[in-house]
Amino acid sequence: MALHKRKIRSQSGFTLIELLVVVIIIGILAAIALPNFIGAQDKAREASVKANMRTAQIAAEAYATDAAGTYPASASDASYKSYFPGGNSSQTSPTGGNYPVNPFTGAPEAPKAGSVSDVQAARTTAGGAVGTKGQIEYSNVGGTSYAIRGANKDGNPLGGTAAGTYLVLSNQ
């Protein structure tokens, strides 16, 4: 008779203790995985900002190729926009291109006017906030150079590869 009761009990389901143990284990796994997931999202957004910086750099270089080595005077230069993807930079009828999409807001954003006057110094000194999170900044440096910086999730410049440095794209 005792054998028969044991068989019925083993087929009846989980006990409350067993269910609590499973829920606690799932909670511990979620607590471990969630910060890693959020960190991966931040890294992906910063990688997207870097790609947007590269797009702005390519547009500036293409502009300089057509303008005898002179870079756009400012980020708001109307002809600079025509060098972004989808634009037509022809001399007769230029049309504006599409600005890169800010990964934090999901909206296309024009590069904002920057204040970098020394590229090497900008790589070693933060120089203040770039702008809103994900924002790109374009600075003309003496007409023959430029500096492009991007903002992280806090609006500060993206970090460089070495500790204490900042990412600045330039032809210097």
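A residue counts as buried when its relative accessible area is under 20%. Phe84, at 2% relative accessibility, therefore falls in the buried class. The model in question is a predicted one, and what follows looks at how its inside is put together.

Start with the nonpolar residues. In soluble globular proteins, nonpolar side chains tend to be buried together. Here, the largest nonpolar core has 19 residues. Those with the most contacts inside this core are Met53, Ala56, Tyr71, Tyr80, Tyr138 and Ile148. Helix α2 (16-66) and the strands β2 (136-141) and β3 (145-150) each chip in at least two residues, and α2 gives the most, with seven. A second core, separate from that one, is made of six residues, with Val116, Val119, Ala122 and Ala147 among them.

Tyr71 is worth a look of its own. Setting aside its neighbours within four places in sequence, Tyr71 is in contact with Ala60, Glu61, Tyr63 and Ala64, and also with Tyr138, Asn140, Gly143, Thr144, Ser145, Tyr146 and Asn171.

Then there are the aromatic rings. A pair of aromatic rings is described by the distance of the centres and the angle of the planes. Searching the whole structure turns up six aromatic pairs. In one of them, Tyr63 and Tyr83, the ring centres sit 5.6 Å apart with the planes at 70°, so this pair is edge-to-face. The pair ties together distant parts of the chain: Tyr63 belongs to helix α2, while Tyr83 lies in the loop between α3 (78-81) and β1 (112-113), 20 residues apart. Tyr63 and Tyr83 are both buried.

Tyr80 and Phe84 make another edge-to-face pair, because their planes stand at 65°, with the ring centres 5.1 Å apart. Tyr80 is buried too, at a relative accessible area of 0%. Both of these residues also belong to an aromatic cluster, in which they are joined by Tyr71, Tyr99, Tyr138 and Tyr146. Tyr71, Tyr80 and Tyr138 turn up again here, having already been listed for their contacts in the largest core.

Finally, the packing leaves some empty space. The structure holds one cavity of 30 Å³ or more, and the largest cavity has a volume of about 60 Å³. Its lining is made up of Asn52, Pro100, Val101, Asn102, Glu109, Ala110, Pro111, Gly134, Gln135 and Ile136. Sorted by class, that lining has five nonpolar residues, four polar and one charged.

How values were computed
Residues numbered from 1 in each chain as written. Predicted model: local features only at pLDDT ≥ 70, side-chain atom pairs only at ≥ 80, totals over all residues. Heavy atoms only, no water. Core = buried A, V, L, I, M, F, W, Y, C linked by side-chain atoms within 4.5 Å. Buried < 20%, exposed > 50% of the residue type's maximum accessible area, 1.4 Å probe, protein only. Helix = DSSP H or I, 4+ residues; strand = E, 2+ residues; numbered from the N terminus. Contact = heavy atoms within 4.5 Å. Phe/Tyr/Trp six-rings, centres within 6.5 Å; stacked < 30°, edge-to-face > 60°. 1 Å grid on protein atoms, 1.4 Å probe; cavity = no way out; pocket = protein on both sides within 12 Å on 5 of 7 lines; lining within 4 Å. Points joined across faces, edges and corners; volume = space filled by probe spheres on them. Nonpolar A, V, L, I, M, F, W, Y, C, P; charged D, E, K, R; others polar.
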